[in-house]
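Biologist: Could you walk me through this protein and tell me how each label was earned? I'd like the reasoning, not just the verdict.

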Amino acid sequence: EAMNVVDRNLCKMLRKAVELLTQNRDTICCVRRNYVREAYDFFIELEDFLSTRLPQLLETERIMEAFSLSCMVFETGMEQNVDDSDGGGSILASSCEDAWQAILNLADPQEEREIYAWFASHTKVPAWDYGSEVVEEFLFGWEWSTPFLEQNLRLLDTELAKEGNSEYRMK
């Protein structure tokens, strides 16, 4: 229950930060019109939000809280309908990937199971064009424990079957 309180507090802080970032239409964004000016600054602010809070959570081994924070920041960034030609979204995604690696390096088997479940369930989020690619690449690129690697093979087998490539099915 304590984790839920912290998650709620982090979520409130993140929402407040996004609200403040999106209030100033002249310098940051206008979400209502479906575009963001100076999106780079927006993504960097989100990255800064993560990088200033994550170390303390990791130092105190609050692994799932750290993971929740990284996911909230990632989801917030990926849900924005912006032109990311300046690369801010890529910087944010890279920071989240670094956070996930640090988190998984400290995770116990149960925490790894929960983290894996999040990745497995977020590879096809319609609102995240680029974000889904990042999640999928992490899911299939991380050196998970053996049961999760086997699950990845089953996921790939399912995807291949959907694409009609049954000759490549796992045996």
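Modeller: Buried residues make up 39% of the 171 residues here. Keep in mind that this is a predicted model.

Biologist: What makes a residue count as buried?

Modeller: The cut-off is a relative accessible area under 20%. Take S70, which sits in helix 3. S70 has a relative accessible area of 0%, and buried means under 20%, so S70 is buried.

Biologist: Which helices and strands does the protein have?

Modeller: There are 7 helices and 2 strands. Along the sequence the pattern reads α-β-β-α-α-α-α-α-α.

Biologist: Back to S70: what does its side chain lie close enough to for a polar contact?

Modeller: A polar atom of the S70 side chain lies 2.8 Å from the backbone oxygen of F67. The limit for a polar contact is 3.5 Å between N or O atoms, so 2.8 Å falls within it.

Biologist: How do you know that T60 makes a contact with L57?

Modeller: Same kind of check. The T60 side chain reaches the backbone oxygen of L57 at 3.3 Å, and the limit is 3.5 Å, so that pair counts too. T60 itself is in the loop between helix 2 and helix 3 (63-78).

Biologist: Why is T60 called partly exposed?

Modeller: T60 has a relative accessible area of 43%. Buried needs under 20% and exposed needs over 50%, so 43% lands in between.

Biologist: And what makes E61 exposed?

Modeller: E61 comes in at 62% relative accessibility. The cut-off for exposed is over 50%, so E61 passes. E61 also lies in the loop between helix 2 and helix 3. There's a backbone quirk as well: E61 has a positive phi of about 55° although it is not a glycine.

Biologist: How many salt bridges does a search of the whole structure find?

Modeller: The search finds 1 salt bridge.

Biologist: Why are E65 and R62 called a salt bridge?

Modeller: Side chains of opposite charge can pair when their charged atoms come close. For E65 and R62 the N to O distance is 2.8 Å. The rule asks for a Lys or Arg side-chain nitrogen within 4 Å of a carboxyl oxygen of Asp or Glu, so this pair qualifies.

Biologist: Are the two partners buried or partly exposed?

Modeller: One of each. E65 has a relative accessible area of 10%, under the 20% cut-off, so E65 is buried. R62 stands at 29%, between 20% and 50%, so R62 is partly exposed.

Biologist: Which residues gather in the patch of negative charge?

Modeller: That surface patch holds E38, D41, E45, D48, D83 and D86.

Biologist: What makes E45 and D48 accessible enough to join a patch?

Modeller: Patch members need over 30% relative accessible area. E45 has 42%, so E45 clears that bar. D48 is at 39%, so D48 clears it as well. Both count as partly exposed. E45 lies in helix 2 (residues 39-59), and D48 is in helix 2 too.

Biologist: Where is D48 relative to S95?

Modeller: D48 and S95 are 47 residues apart in sequence, with their C-alpha atoms 9.5 Å apart in space.

Biologist: Which residues form the nonpolar patch?

Modeller: F140, L153 and L156 do, with about 240 Å² of accessible area together.

Biologist: How do you know that F140 is accessible enough for that patch?

Modeller: F140 is at 31% relative accessibility, and a patch needs over 30%, so F140 gets in. F140 belongs to helix 6 (residues 129-141).

Biologist: Why is H122 called buried?

Modeller: H122 has 16% relative accessibility, under the 20% cut-off, so buried is the right word. H122 lies in the loop between helix 5 (109-121) and helix 6. A polar contact of 3.0 Å joins the H122 and S121 side chains.

Biologist: How far is H122 from S132?

Modeller: They are 10 residues apart in sequence and 6.8 Å apart in space, C-alpha to C-alpha. S132 is in helix 6. At 10% relative accessible area, under the 20% cut-off, S132 is therefore buried.

Terms used:
Residues are numbered from 1 along each chain as its sequence is written. This is a predicted model: local features need pLDDT of at least 70, side-chain atom pairs count only at pLDDT 80 or more; totals for chains, interfaces and linings use all residues. Side-chain values use heavy atoms; hydrogens and water are left out. Patches are made of residues with over 30% relative accessible area and no salt bridge: like charges are joined within 9 Å, nonpolar side chains (Val, Leu, Ile, Met, Phe, Trp, Tyr) within 5 Å. Accessible areas come from the Shrake-Rupley method with a 1.4 Å probe; for residues, only the protein chains shown count as cover. Lys and Arg count as positive and Asp and Glu as negative; His and the chain ends are not counted. The place of a charge is taken as NZ of Lys, CZ of Arg, CG of Asp or CD of Glu. Helices (H or I, at least four residues) and strands (E, at least two) are DSSP runs, numbered from the N terminus. Buried means under 20% relative accessible area, exposed over 50%, partly exposed in between (1.4 Å probe, protein chains only). A polar contact is a pair of N or O atoms within 3.5 Å; within protein, one must be able to donate a hydrogen and the other to accept it, and residues adjacent in sequence count only if both atoms are side-chain atoms.
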